[in-house]
Amino acid sequence: MPRKHHLLHEEASLLSRVLDRPADSLIKSISAVPISKKEEVADFQLALDSLLEDHNNKSRLDIQLQAKKLAEKLKCDAVVSAISAGPGTLNFKINRELLTKTVLQQVIEDGSEYGLKSELFSGLPQRRFVVEFSSPNVAKKFHVGHLRSTIIGNFIANLKEALGHQVTRINYIGDWGMQFGLLGTGFQLFGYEEKLQSNPLQHLFEVYVQVNKEVADDKNIAKLAHEFFQRLELGDMQALSLWQRFRDLSIEEYIRMYKRLGVNFDEYSGESFYREKSQDVLKLMDSKGLLQKTIKGNVVVDISGTGDPSSFCTVMRSDGTSLYATRDLAAAIDRMDKYNFDTMIYVTDKGQQKHFQQVFQMLKMMGYEWAERCLHVPFGIVKGMKTRRGDVTFLEDVLNEIQSRMLKNMASIKTTKKLMNPQETAERVGLAALIIQDFKGLLLSDYEFSWDRVFQSRGDTGVFLQYTHARLHSLEETFGCGYLNDFNIACLREPQSLLILQHLLSHLAAVAHKTLQIKDSPTEVAGARLHLFKAVRSVLANGMKLLGITPVCRM
């Protein structure tokens, strides 16, 4: 729990007089005690063995005795209201009124930065992070893996940014490769200009599906597709200009979808950026003697160095065209030159673990020490996400499904307020539901998707978080003018007030706003309670924003 650090300094100076140690050296040994809903515990504790130089030679009993003696020697003061000895620890309880005042003031003063100004983070050096996430493919499905990557990657980037690091968010689009041979040929055969303009993602996907069906029966189409991709790799102007339009129109559409998701990127990069640079990578590998030719004529790198074919990574096809791995190597080298990152994080599903291990290993083999700074964050596979239209093909399908289901839910609830923009509110609440549901399980676990589970309103769900935020916001709207100017901490005497303050949790606040009433309470009590609820709402909103959720003010 966040608490103002001057409380710690007070405790440390109290101890320093008895232990004859500088207060600053004691602060590191004092820690906050995790809060318990079941029993009342101390606020801070000092682990004695961290202070005793020869603690290895002292028995647990000796340390216990010393804790007891110290507890008797130390006197309570205006800050510390109780001191007791625990198993090898000294426990301190802070004066309740002071604790309440300190925490409330800090939440209100720090606003959106509350919890980030903690001493825990003060020594953190500022670092440069590159986070690559989402990364869908042009003309292929935006599958649930891309959605998970977007949600998790966005959270990682938000968290690093909140801690004061410099973060570059990259969306690395699958915009190059053999599928563009098929797509270019398919569009020349089955494409429509007006459909491409009005709904590029859908039309390119339809063309891609159709050309894949045809290619199975018609060898000539396979030959045309191969030739088209070769023309792209050789820089043929006509092929490139068609490809460029596919890419530009697709990205425009993606930007619109990401805006609905509340996600933004600093850079829309793509495999195509590295088609030439991947040739430089191959030259460098060749100069280091890393390349070998297989019987089929493909060029590979033997990652294990033992000649074991299962550890070969193909870096060039027999016809000289580049591959995904080669382009990933070129991209990593380019980003190091451009951003000089301290850490680069790739967020993709766990099916790509081997791929990234190979990429990082090849970078090391090429002599790039900074390969150690590259990190893959893998996640589990989501199965069975379907919309009413069937399988998920586009991000838009998911967003529309969320919106329509949430609108239906809201219409069936009696407490739903009249809203200016019900669609936008429904989408924001629905997205919160989706995000919280996704974060609930273990990152690496696969799970079966269920819309019913997403939209549950009871328990730790996104719908419940949004409801609590909106409810607390409406209290401020209703009573704010008169009560928020001045308040008397002494009025927050109920154990429930203190519990809310210690936890700053939405479940407790949701229950408490019914029992700790503002309406019909004396002005001072109403003002103090309103401040408490405002603080809870502020902390709740900060946490939601970190997770990538836009809090709603009414629902």
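Student: What is the bridge partner of Ala-82 in E4?

Tutor: In this predicted model, Ala-82 has Lys-93 of E4 as its bridge partner. Val-80 stands opposite Ile-94, also in E4.

Student: How do you know that E3 and E4 count as paired strands?

Tutor: A pair needs at least two bridges between the strands. Six bridges join E3 to strand E4, residues 89–94, so the requirement is met. The two strands run antiparallel. They form a hairpin with two residues between the strands, where Gly-88 takes a positive phi near 75°.

Student: How do you know that strand E2 and E4 pair as well?

Tutor: The test is again at least two bridges. Strand E2, residues 44–47, has four bridges with E4, in the antiparallel sense, and therefore passes. One of the facing pairs is Leu-46 with Leu-90 of E4.

Student: What makes E1 and E3 the edge strands?

Tutor: The open sheet has four strands in the order E1-E2-E4-E3, with antiparallel pairing. Strand E1 (30–32) and strand E3 (80–86) each pair on one side only, and this makes them the edges. From one strand to the next, the twist averages 25°.

Student: Why is E4 described as mostly covered?

Tutor: Buried means under 20% relative accessible area. Five of the six residues in E4 are buried, so the description follows from that cut-off.

Student: Why is Asn-199 called partly exposed rather than buried or exposed?

Tutor: Its relative accessible area is 24%. Buried requires under 20% and exposed requires over 50%, so Asn-199 falls in between. Asn-199 is found in the loop between helix H8 (193–198) and helix H9 (200–217).

Student: How far apart are Asn-199 and Glu-253, in sequence and in space?

Tutor: They are 54 residues apart in sequence, and their C-alpha atoms are 8.2 Å apart in space.

Student: Which strands form the open sheet with parallel pairing?

Tutor: That sheet has five strands, in the order E7-E6-E5-E11-E12. Strand E7 (267–270) and strand E12 (374–379) are its edges, as each pairs on one side only. The twist averages 25° from one strand to the next.

Student: How do you know that strand E5 and strand E11 pair?

Tutor: Strand E5 (residues 128–132) and strand E11 (residues 343–349) run parallel and are joined by four bridges. At least two are needed, so they count as a pair. Glu-132 stands opposite Tyr-346 in E11.

Student: What direction does helix H6 take relative to E6?

Tutor: Helix H6 (residues 144–162) packs on the sheet, touching E5, strand E6 (166–173), E11 and E12, and its direction makes about 165° with that of E6. Angles over 145 degrees count as roughly antiparallel, so H6 is roughly antiparallel to E6.

Student: What about helix H11 and E7?

Tutor: Helix H11 (residues 237–261) packs on the sheet too, touching E6 and E7, and makes about 140° with the direction of E7. Roughly perpendicular ends at 115 degrees and roughly antiparallel begins over 145; the angle is therefore oblique.

Student: What makes H15 and H16 roughly perpendicular or roughly parallel?

Tutor: The axes of helix H15 (residues 395–411) and helix H16 (residues 422–440) come within 8 Å and cross at roughly 105°. The range 65 to 115 degrees counts as roughly perpendicular, so H15 and H16 are roughly perpendicular to each other. The contact residues include Ile-402 and Met-406 of H15, and Ala-426 and Leu-434 of H16. By class, the residues of this contact divide into 11 nonpolar, four polar and one charged.

Student: Which residues of helix H19 are buried, and what covers them?

Tutor: In helix H19 (residues 495–503), the buried residues are Ser-497, Leu-498, Ile-500, Leu-501, Gln-502 and His-503. Their cover includes helix H4 (96–110), helix H20 (506–515) and helix H21 (523–546). Just after H19, Leu-504 takes a positive phi of about 50°.

Student: How much of the whole protein chain is buried?

Tutor: Buried residues make up 50% of the 555 residues. The chain holds 21 helices and 16 strands.

Key: Residues are numbered from 1 along each chain as its sequence is written. This is a predicted model: local features need pLDDT of at least 70, side-chain atom pairs count only at pLDDT 80 or more; totals for chains, interfaces and linings use all residues. Side-chain values use heavy atoms; hydrogens and water are left out. Axes are lines fitted to C-alpha atoms, for helices over the stretch in contact, and angles run from 0 to 180 degrees between N-to-C directions. Buried means under 20% relative accessible area, exposed over 50%, partly exposed in between (1.4 Å probe, protein chains only). Angles under 35 degrees count as roughly parallel, over 145 as roughly antiparallel, 65 to 115 as roughly perpendicular and the rest as oblique. Contact means heavy atoms within 4.5 Å. Ala, Val, Leu, Ile, Met, Phe, Trp, Tyr, Cys and Pro count as nonpolar, Asp, Glu, Lys and Arg as charged, and the others, Gly among them, as polar.
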